Amino acid sequence: QVQLVESGGGLVQPGGSLRLSCELFGVSLDEYVIAWTRQSPGKETEGVSCVDYTGRYTQYRDSVKGRFTIFRDNVKKVVYLQMNSLKPEDTAVYSCAALRHPLPYRCTVEDPKGHYRYWGQGTQVTVSL
């Protein structure tokens with residue numbers, strides 16, 4: 001019954017920026033930890049970033065630290081991923097994922113398929129000239 005809908009993907013040149021949005025439907029966002037993940041062709045899904053239900057704890061995979069920022073608006077029920085200084089290696093289908101009632105100040109970018117229960121449909125991000 002929980003539904004996640006991503007938007008904001010597209011084609012961008014290296015060094016450019018995109019902001020992805022993940023809307024949550026059916027439940028209150030403050031009950032969930034949210035993660036952004038990505039999957040490129042032939043690769044396993046990897047965690048990119050996550051934010052706990054307080055909004056005060058975040059995690060990033062090493063390759064995006066300093067370039068990506070995750071933040072959430074629990075009133076609008078939207079989680080954003082601001083992506084700056086994009087590189088070709090960032091090309092992937094980006095999906096948001098959710099887990100209900102996690103511990104506060106906890107989330108993980110490790111093994112997202114094994115940790116997160118609810119998933120959006122994904123949005124394509126292509127970084128290329």
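**Exercise 1. Find which residues are linked in a network of salt bridges in this predicted model.**

*Solution.* Start with the members: Arg38, Glu46, Arg61, Arg67 and Asp90 are linked in a salt-bridge network. Now pick out pairs. Arg38 bridges to Glu46, with the closest N and O atoms 2.7 Å apart. Arg67 does likewise with Asp90, again with 2.7 Å between the closest N and O atoms. Next, see where that second pair sits. Arg67 is in the loop between β6 (58-60) and β7 (68-73), while Asp90 is in the loop between β8 (78-83) and β9, so the pair ties together parts 23 residues apart in sequence.

**Exercise 2. Sort Arg38, Glu46, Arg67 and Asp90 into buried or partly exposed.**

*Solution.* You'll need one cut-off: buried means under 20% relative accessible area. Arg38 comes in at 5%, so put Arg38 down as buried. Glu46 has 25% and counts as partly exposed. Arg67 and Asp90 are both buried.

**Exercise 3. Work out how far apart in sequence the parts tied together by Arg100 and Glu31 are.**

*Solution.* First check the contact: Arg100 and Glu31 form a salt bridge, and their closest N and O atoms are 3.9 Å apart. The cut-off is 4 Å, so the pair qualifies. Then place the partners. Arg100 belongs to strand β9 (residues 92-100) and Glu31 to the loop between β3 (18-25) and β4 (32-39), so the bridge joins parts 69 residues apart in sequence. As for exposure, Arg100 is partly exposed at 46% relative accessible area, and Glu31 is partly exposed too, at 24%. For the overall tally, the structure holds six salt bridges.

**Exercise 4. Describe the fold that carries these pairs, and decide whether the chain is as compact as a globular protein of its length.**

*Solution.* Count elements: the protein chain has one helix and 11 strands. Read from the N terminus, the order is β-β-β-β-β-β-β-β-β-α-β-β. The radius of gyration is 13 Å, close to the 14 Å given by the globule rule for 129 residues, so the chain is as compact as a globular protein of that length. The C-alpha trace spans about 40 × 25 × 25 Å along its principal axes. Buried residues make up 43% of the 129. Finally, look at contacts between residues at least 6 apart in sequence: 63% of them join residues at least 24 apart.

**Exercise 5. Say how far apart the mean positions of the positive and negative charges are.**

*Solution.* Take the 15 positive and 13 negative charges of the protein chain; their mean positions lie 2 Å apart. For the surface, the chain exposes about 6,700 Å², with carbon and sulfur atoms supplying 47% of that.

Note on methods:
Residues numbered from 1 in each chain as written. Predicted model: local features only at pLDDT ≥ 70, side-chain atom pairs only at ≥ 80, totals over all residues. Heavy atoms only, no water. Helix = DSSP H or I, 4+ residues; strand = E, 2+ residues; numbered from the N terminus. Rg over C-alpha atoms; globule rule 2.2 N^0.38 Å. Buried < 20%, exposed > 50% of the residue type's maximum accessible area, 1.4 Å probe, protein only. Contact = heavy atoms within 4.5 Å. Areas by Shrake-Rupley, 256 points an atom, 1.4 Å probe, with all protein chains shown as cover. Lys, Arg positive; Asp, Glu negative; His and termini not counted. Charge placed at Lys NZ, Arg CZ, Asp CG, Glu CD. Salt bridge = Lys/Arg side-chain N within 4 Å of Asp/Glu carboxyl O.
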